[in-house]
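Colleague: I've got the model open and would like to go through the helix packing and the empty spaces. Can you walk me through the reasoning behind the labels?

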Amino acid sequence: MGAQPIYRGNPQKPAVSFMVNVAWGNEYLTAMLDTFAKYKVKTTFFLDGSWVSKYPDLAKKIYDNGHEIGNHAYSHPDMSRIGQDRIRQEIGKTQAVIEKTLGIKPMLFAPPSGAYTQQVVEIAHREFGMKTILWTADTVDWRKPAVSEMVQRVNKQLGHGVLVLMHPTEASQKGLEQLLKAAIAKGFVPTTVSEVLSSKRIDPR
């Protein structure tokens, strides 16, 4: 796909990803992991590097549950307002701490708040071999929406290859089961971002 941000996965594929950006919200994480496990769903967690440094055991718990791990920069900066050296530092430092903690190198990068420039996308691609991931549908869960409204809004946007942005918030934790059920009822397989992007066939549930 080259050096361009990705807002949606394979439009031919009956798959969606409920991806989770983690820089805070530890109190809701375990319940979300339990819900994903209940439905046998593996998804993608984009981890903030400073968060991984502070909470390595929680990062390991996410990884040990079989979820894909992505890079969410180190200190949650506005990536569109920083220079090349800082861009490299934010991505590189997070790669290093994730590799040290989990023994893996993420291949996906989610810029905090979705803020990016072409320079960010190119550095992630060229220097780190990473795809820059944005989203198709946003829970806007940080605004503390009513769960029913959030579920209804996201449900309307579910479709082939849709990437849904979530955080470990009370709203997403309470609405996750309903969203998974809605996706499955429509014939979509909730899975990782890499699986949604892939051209490989997926078997409906």
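Modeller: Sure, and keep in mind that this is a predicted model. Let's start with helix α4 (residues 84–102) and helix α5 (residues 118–128), which pack at an angle of about 50 degrees with their axes 10 Å apart.

Colleague: Why is α4 called oblique to α5?

Modeller: Angles under 35 degrees count as roughly parallel, and 65 to 115 as roughly perpendicular. The angle here is about 50 degrees, which falls in neither range, so α4 is oblique to α5. As for handedness, α4 passes α5 in a right-handed crossing.

Colleague: Which residues of α4 and α5 make the contact?

Modeller: From α4 you have Gln 84, Ile 87, Arg 88, Ile 91, Gly 92 and Gln 95, and from α5 Gln 119, Val 120, Ile 123, Ala 124, Glu 127 and Phe 128. By class, that contact divides into six nonpolar, four polar and two charged residues.

Colleague: And what makes α1 and α3 roughly parallel to each other?

Modeller: The axes of helix α1 (residues 26–38) and helix α3 (residues 56–64) cross at roughly 20 degrees and come within 11 Å. Anything under 35 degrees counts as roughly parallel, so that label fits α1 and α3. α1 passes α3 in a left-handed crossing. In the contact, Asn 26, Leu 29, Thr 30 and Leu 33 of α1 meet Leu 58, Lys 61 and Ile 62 of α3. Four of these residues are nonpolar, two polar and one charged.

Colleague: How do you know that α6 and α7 are oblique to each other?

Modeller: Same kind of check. Helix α6 (residues 147–157) and helix α7 (residues 170–185) have axes that cross at roughly 40 degrees and come within 9 Å. The cut-off for roughly parallel is under 35 degrees, and roughly perpendicular runs from 65 to 115. Roughly 40 degrees lies outside both, so α6 and α7 are oblique. The crossing of α6 past α7 is right-handed. On the α6 side the contact uses Val 147, Met 150, Val 151, Val 154 and Asn 155, and on the α7 side Ala 171, Ser 172, Lys 174, Gly 175, Gln 178, Leu 179 and Ala 182. That contact has seven nonpolar, four polar and one charged residues.

Colleague: Now the empty spaces. How many cavities of 30 Å³ or more does the structure hold?

Modeller: One. About 40 Å³ of space lies in the largest cavity. What makes it a cavity is that a 1.4 Å probe fits there but cannot get out.

Colleague: What lines the largest cavity?

Modeller: Met 19, Asn 21, Phe 46, Ala 110, Pro 111, Ile 133, Leu 134, Trp 135 and Leu 165. The lining divides into eight nonpolar residues, one polar and no charged.

Colleague: And how much space lies in the largest pocket?

Modeller: About 160 Å³. Of the 13 residues that line the largest pocket, His 76, Ser 113, Trp 142, Leu 165 and His 167 are the closest to its centre. The pocket lining has six nonpolar, six polar and one charged residues. You'll have seen Leu 165 in the cavity lining, and Leu 165 also lines the pocket.

Notes. Residues numbered from 1 in each chain as written. Predicted model: local features only at pLDDT ≥ 70, side-chain atom pairs only at ≥ 80, totals over all residues. Heavy atoms only, no water. 1 Å grid on protein atoms, 1.4 Å probe; cavity = no way out; pocket = protein on both sides within 12 Å on 5 of 7 lines; lining within 4 Å. Points joined across faces, edges and corners; volume = space filled by probe spheres on them. Nonpolar A, V, L, I, M, F, W, Y, C, P; charged D, E, K, R; others polar. Axes fitted to C-alpha atoms, helices over the stretch in contact; angles between N-to-C directions. Helix = DSSP H or I, 4+ residues; strand = E, 2+ residues; numbered from the N terminus. Parallel < 35°, antiparallel > 145°, perpendicular 65-115°, else oblique. Left-handed = near helix turned anticlockwise from the far one by under 90°. Contact = heavy atoms within 4.5 Å.
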